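Biologist: I am new to this structure. Please pick one part, look at it closely, and then work outwards from there.

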Amino acid sequence: MTLLTMRHVPDPILRQQARRITQIPAGMSKYTRDMVETMHAEHGVGLAANQVGSRQKVAVIQLPEWEEALVLINPEIIRREGEREVEEGCLSIPGYRGMVKRSQRVRARALDLNGKVIRIKAEGLLAQALEHETDHLNGILYIDHLISRDSLYRIGYEPDPEEPGTDEKVESEQ
Ligand code: ZN
């Protein structure tokens with residue numbers, strides 16, 4: 001396993017459109033295992049290839065309760081339903097979190113490592129992760145979806161004593 005180097009804002013690759021994969025290269029399985037390893041090392045629930053310096057259209061997602069990561073080649077959101085406000089963070093924007101607008105439910109389509117079509121119906125954290133990672137591959141970051149200018153905040157400095165139970169919050173950097 002190789003840990004890949006994380007790219008952070010303002011690295012221009014984070015604003016670039018990933019290239020669609022037409023034929024799954026032989027090294028893809030190893031590469032996505034390295035992506036998963038890197039995501040684990042960074043305590044993330046998702047990682048898109050441009051966050052580790054590749055413009056291939058591939059992302060990995062692993063929710064906390066999952067035993068294995070989901071590899072998504074050429075992922076696309078094909079349907080969005082409803083709207084909600086959620087807190088979000090990104091491994092490429094360390095030290096910050098923000099309140100963003102996301103869909104309540106999404107349908108996504110991608111290919112797996114064998115080139116087989118995967119269709120996913122999701123809500124909750126998985127829907128959020130699917131939107132976050134497909135956005136990455138289109139050069140979009142969560143800070144583009146902030147509900148207002150002051151809904152981006154620094155974390156880990158001054159805990160708000162007014163807000164109970166902040167230490168129980170599940171961090172879900174992607
Ligand atoms: Zn991210």
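**A close look at Asn50**

Modeller: Asn50 is buried, with a relative accessible area of 2%. Here buried means under 20% relative accessible area, exposed means over 50%, and partly exposed is in between (1.4 Å probe, protein chains only). This is a predicted model: local features need pLDDT of at least 70, side-chain atom pairs count only at pLDDT 80 or more, and totals for chains, interfaces and linings use all residues. Residues are numbered from 1 along each chain as its sequence is written, and side-chain values use heavy atoms, leaving out hydrogens and water.

Place Asn50 in the chain. It is in the loop that runs from β1 (46-48) to β2 (58-61). Helices (H or I, at least four residues) and strands (E, at least two) are DSSP runs, numbered from the N terminus.

Now look at what surrounds Asn50. Its side chain reaches the backbone oxygen of Ile13 at 3.4 Å. Set aside the neighbours within four places in sequence, and Asn50 is in contact (heavy atoms within 4.5 Å) with Arg7, Ile13, Leu14, Gln16, His136 and Leu137. So which of these names should you follow next? Take His136, one of the residues that Asn50 contacts.

His136 leads to the metal. Its NE2 atom is one of the protein donors of the zinc ion. The others are Cys90 (SG), His132 (NE2) and Gln174 (O). They lie 2.0 to 2.3 Å from the zinc. Donors are N, O and S atoms within 2.8 Å of the metal (3.2 Å for Na, K and Ca); water is not among the atoms, so sites may look incomplete.

Read the donor residues along the sequence and the spacing is C-x41-H-x3-H-x37-Q. Cys90 and Gln174 link distant parts of the chain, 84 residues apart. Cys90 comes from the loop between β4 (84-88) and β5 (96-102). Gln174 comes from the segment after β8 (152-154). Are these two buried or exposed? Cys90 is buried, at 1% relative accessible area. Gln174 is buried too, at 0%.

Go back along the chain to the segment before α1. Pro10 is found there. The peptide bond from Val9 to Pro10 is cis, and its omega is near 10 degrees.

Next comes helix α1 itself. It covers residues 28-41, which makes 14 residues. From its first C-alpha to its last, α1 reaches 20 Å. Its buried residues are Met28, Tyr31, Thr32, Asp34, Met35, Val36, Thr38 and Met39. What covers them? The cover includes β1, β2 and β3 (70-81). Recall that β1 and β2 are the strands on either side of the loop holding Asn50.

Thr32 shows this packing residue by residue. It lies in α1 and counts as buried, at 2% relative accessibility. Its side chain reaches the backbone oxygen of Ser29 at 3.1 Å. Leave out residues up to four places away in sequence, and Thr32 touches Val58, Val60, Val71 and Leu113. Val58 and Val60 fall within β2 (58-61). Val71 falls within β3 (70-81).

Two residues stand out for their backbone angles. Most residues other than glycine have a negative phi, and most peptide bonds are trans. His43 is not a glycine, yet its phi is positive, about 60 degrees. It comes just after α1, in the loop between α1 and β1. His43 is exposed, with a relative accessible area of 65%. Asn74 also has a positive phi without being a glycine, at about 50 degrees. It is found in strand β3, one of the strands covering α1. Asn74 is buried, at 4% relative accessible area.

Finally, step back to the whole chain. It has two helices and eight strands. Along the sequence they follow the pattern α-β-β-β-β-β-β-β-α-β. The C-alpha trace spans about 55 × 35 × 30 Å along its principal axes. Buried residues make up 44% of the 174 residues; Asn50, where we began, is one that counts as buried. Consider contacts between residues at least 6 apart in sequence: 68% of them join residues at least 24 apart. The zinc site gives a local example of distant parts brought together, through Cys90 and Gln174.

Methods
A polar contact is a pair of N or O atoms within 3.5 Å; within protein, one must be able to donate a hydrogen and the other to accept it, and residues adjacent in sequence count only if both atoms are side-chain atoms. The expected span of a helix is 1.5 Å times one less than its number of residues.
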